[in-house]
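This note sets out comments for a colleague who has the sequence and the coordinates to hand. Please read the points below alongside the display.

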Amino acid sequence: MVLKKGFSLEKYFPLSRMNETDMVTEILEIFWKEKLRFAQYCFDELAPLDTKSFSGKRPNGKSPQWTLQQMVSYDRTFSFYLPISLRISGFFFFNTFKDQDIEKDLEAIRDRYRPPAFPSHFWEIQITKAEDLRINAKDPLVKEQCESWKEVLVRLESKLSEISDRDAYRKRYTSLTGIHTISGAINNSTEFCHYLWNLYMANPT
């Protein structure tokens, strides 16, 4: 998520905690939908590739397959450690945090990766749940690898949907990059994958 000066979460989150899918609590949904939008963007960009171009190394020494596998691995780890972190944080963090705390977390993530802006058509992608991710690749290898990421995201969404609104403002996710709010952890996943994509796919030379 690209933050602008004066950004405030309050205008995005009315007092009502209803959301579009009723699967992920509202404070998390805006970040999760961005994550899904990014995944769909990657699937669309990978769709035209055949096995040779997908698995072949580019001038930067990495293949599209390697890049996708790194993103899948990161999100698989996120999915695995999320429930563990939630249980552990329940013993150590009792105070709820405010939207401003989430903003600080997002700013730290932005400063770590400093990603370029997403292409304009990125924001035209409409998707609200992982099951709706479309994989249009014809090549069996590309399709299989994309399906692997989709499966991870479906599982991750299921775990996120179990987080109550109260816990979304109270519990933390612990990783090698630090202790994040749950919203920040989702955003960190998106920005890390975006960083990899920009490094090895958007700028292959």
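The numbered points that follow concern the overall fold, the core, the helix packing, the cysteines and some individual residues.

1. Status and overall composition. The model is predicted. Seven helices and two strands make up the elements of the protein chain. Read from the N terminus, their order is α-α-α-α-α-α-β-β-α. The protein chain has 205 residues, 48% of which are buried. Among contacts in the protein chain with a separation of 6 or more, 81% join residues that lie 24 or more positions apart.

2. The nonpolar core. The largest nonpolar core contains 53 residues. Within that core, the residues touching the most other members are Leu28, Phe38, Leu46, Met71, Leu82, Trp149 and Leu160. Five helices each give two or more residues to this core: H1 (26-46), H3 (64-92), H4 (99-113), H5 (140-160) and H7 (182-202). Helix H1 supplies the largest share, with eleven residues. As background, nonpolar side chains in soluble globular proteins tend to be buried together.

3. Surroundings of Met71. Which residues does Met71 touch, leaving aside those up to four places away in sequence? The partners are Phe38, Cys42, Trp149, Cys193, Leu196 and Trp197. Met71 also belongs to the H3 side of the contact with H5, and to the H3 side of the contact with H7.

4. Packing of H3 against H5. The axes of these two helices approach to within 9 Å, with a crossing angle of roughly 20°. Since angles under 35 degrees count as roughly parallel, H3 and H5 are therefore described as roughly parallel to each other. Their crossing is left-handed. On the H3 side the contact includes Leu68, Val72, Phe78 and Leu82. The H5 residues in this contact include Leu141, Cys146, Trp149, Val152 and Leu160. Polar and charged names also occur in the list, among them Gln65, Asp75 and Arg76 of H3 and Gln145, Arg155 and Lys159 of H5.

5. Packing of H3 against H7. Here the axes come within 10 Å and cross at roughly 170°. Because angles over 145 degrees count as roughly antiparallel, that term applies to H3 and H7. The contact draws on H3 residues including Pro64, Trp66, Tyr74, Phe78 and Leu86. From H7, the participants include Ile182, Ile186, Phe192, Cys193, Trp197 and Met201.

6. Packing of H4 against H7. The axes of H4 and H7 come within 9 Å and cross at roughly 15°, so the two helices are roughly parallel to each other. The crossing of H4 and H7 is right-handed. Residues Ile102, Asp105, Leu106, Ile109, Arg112 and Tyr113 of H4 meet Ser183, Gly184, Asn187, Asn188, Glu191, Phe192 and Tyr195 of H7. Phe192 and Asn188 also appear among the H7 residues in contact with H3.

7. Cysteines. How many disulfides does the structure hold? The count is zero. For Cys146, the closest cysteine sulfur is that of Cys42, at 8.7 Å, which is too far for a bond. Cys193 is likewise in no disulfide, with the sulfur of Cys42 as its nearest, 7.5 Å away. Is Cys146 buried or exposed? Cys146 counts as buried because its relative accessibility is 0%. Cys193 also has 0% relative accessibility and counts as buried.

8. Partly exposed residues of H3. Tyr81 lies in helix H3, and its relative accessibility of 40% makes it partly exposed. Ile88 is placed in helix H3 as well; its relative accessible area is 46%, so Ile88 is partly exposed. Tyr173 is linked to each of these residues by a C-alpha distance. Tyr81 and Tyr173 are 92 residues apart in sequence, with 8.2 Å between their C-alpha atoms. For Ile88 and Tyr173, the sequence separation is 85 residues and the C-alpha distance is 9.1 Å.

9. Tyr195. This residue is located in helix H7. At 36% relative accessibility, Tyr195 is classed as partly exposed. The C-alpha atom of Tyr195 is 8.6 Å from that of Pro116, although 79 residues separate the two along the chain. Tyr195 is also one of the H7 residues that meet H4.

Notes. Residues are numbered from 1 along each chain as its sequence is written. This is a predicted model: local features need pLDDT of at least 70, side-chain atom pairs count only at pLDDT 80 or more; totals for chains, interfaces and linings use all residues. Side-chain values use heavy atoms; hydrogens and water are left out. A nonpolar core is a set of buried Ala, Val, Leu, Ile, Met, Phe, Trp, Tyr and Cys residues joined through side-chain atoms within 4.5 Å. Buried means under 20% relative accessible area, exposed over 50%, partly exposed in between (1.4 Å probe, protein chains only). Helices (H or I, at least four residues) and strands (E, at least two) are DSSP runs, numbered from the N terminus. Contact means heavy atoms within 4.5 Å. A disulfide is a pair of cysteine sulfur atoms within 2.5 Å. Axes are lines fitted to C-alpha atoms, for helices over the stretch in contact, and angles run from 0 to 180 degrees between N-to-C directions. Angles under 35 degrees count as roughly parallel, over 145 as roughly antiparallel, 65 to 115 as roughly perpendicular and the rest as oblique. A crossing is left-handed if the near helix is turned anticlockwise from the far one by less than a right angle, and right-handed if clockwise.
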